[in-house]
Amino acid sequence: MELEDKDERTFEDFLAFLQLHPELKTWEIGPEPILSLPGLQIYPDRRKIYHGQQEIELNTKEFALLCLLVTNKGRVLTYGQMYEKVWKEEPFGNEHIAVGSHVRSMRQKLYAVYPKPPFVISCIRDVGYRFEVHS
């Protein structure tokens with residue numbers, strides 16, 4: 001596709017404007033962080049998860065819980081900690097039900113696309129969950 005004269009002038013005007021205003025460079029957003037696991041790529045800024053080329057669709061809470069578990073891999077997170085971080089409010093006594101149902105749904109969606117992953121989301125009875133990667 002070739003630029004027409006008016007397009008070329010517009011582009012040149014835009015470049016001239018950028019040269020006159022170097023402070024606009026500070027508006028650039030840095031590189032996107034990626035949480036990478038064997039067989040999974042998690043893009044928090046895009047709210048996307050992939051196994052190979054296949055996207056795994058999680059709802060908002062499931063996605064936030066997965067990111068929280070992955071970034072704290074190996075640590076046991078309590079139901080209360082998870083509820084506070086994801087729901088952004090104080091737990092009120094039934095957080096294990098809310099967290100548990102979302103983790104259960106998240107596992108089903110992950111394992112449907114990735115049946116034998118090299119990681120496990122373990123339930124620590126009456127405490128919470130732990131994300132572990134098998135070596």
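The axes of α3 and α4 come within 9 Å of each other and cross at roughly 75°; here axes are lines fitted to C-alpha atoms, for helices over the stretch in contact, and angles run from 0 to 180 degrees between N-to-C directions. The two helices are therefore roughly perpendicular, on a scale where angles under 35 degrees count as roughly parallel, over 145 as roughly antiparallel, 65 to 115 as roughly perpendicular and the rest as oblique. On the α3 side, Y79, G80, M82, Y83 and W87 meet E95, H96, A98, V99, H102 and V103 of α4, contact meaning heavy atoms within 4.5 Å.

Some ground rules before going on. This is a predicted model, in which local features need pLDDT of at least 70 and side-chain atom pairs count only at pLDDT 80 or more, while totals for chains, interfaces and linings use all residues. Residues are numbered from 1 along each chain as its sequence is written, and side-chain values use heavy atoms, with hydrogens and water left out.

Now step back to the whole chain. It has 4 helices and 7 strands, with helices (H or I, at least four residues) and strands (E, at least two) taken as DSSP runs and numbered from the N terminus. Along the sequence the pattern reads α-β-β-β-β-α-β-α-α-β-β. Of the 135 residues, 29% count as buried, where buried means under 20% relative accessible area, exposed over 50%, and partly exposed in between (1.4 Å probe, protein chains only). As for long-range contacts, take those between residues at least 6 apart in sequence: 41% of them join residues at least 24 apart.

Back to α3, which spans residues 79-87 and buries Y79, G80, M82, Y83, V86 and W87. Looking down the α3 axis, these buried residues fall within an arc of 165°, so they line one face of the helix; the arc is that of the directions from the helix axis to the C-beta atoms. An α-helix has 3.6 residues a turn, so residues three or four places apart point the same way. The cover over the buried residues of α3 includes α2 (60-71), β5 (76-78), α4 (95-113), β6 (119-124) and β7 (128-133). Right after α3 comes K88, with a positive phi near 60°.

What about the strands in that cover? β5, β7 and β6, in that order, make an open sheet of 3 strands with antiparallel pairing; two strands pair if DSSP finds at least two bridges between them. β5 and β6 sit at the edges with a single partner strand each, so one side of each is left without a neighbour in the sheet. On average, neighbouring strands here are turned by 25° against each other, direction ignored.

The β5 to β7 pairing rests on 3 bridges: V76 stands opposite R130, and L77 stands opposite Y129. β6 and β7 pair over 6 bridges, also antiparallel, with F119 bridging to V133. These two strands form a hairpin with 3 residues between them, and D126 in the turn has a positive phi of about 65°.

Helices pack on this sheet too. α2 lies across β5, β6 and β7, running at about 60° to β7. α3 touches the same three strands, β5, β6 and β7, and its direction makes about 70° with that of β5.

α2 and α3 also meet each other: their axes come within 10 Å and cross at roughly 125°. That makes α2 oblique to α3. The crossing is right-handed, a label used when the near helix is turned clockwise from the far one by less than a right angle, with anticlockwise giving left-handed. K61, A64, L65, L68 and L69 of α2 make this contact with M82, K85, V86 and W87 of α3.

Follow α2 to the other sheet. Here 4 strands make an open antiparallel sheet in the order β1-β2-β3-β4, and the edge strands β1 (35-37) and β4 (54-55) each pair on one side only. β3 (residues 48-51) is joined to β4 by 2 bridges, with the strands running antiparallel, and Y50 has E55 of β4 as its bridge partner. α2 lies across β1, β2 (40-43) and β3, at about 115° to β2. So α2 is in touch with strands of both sheets: β5, β6 and β7 in one, and β1, β2 and β3 in the other.
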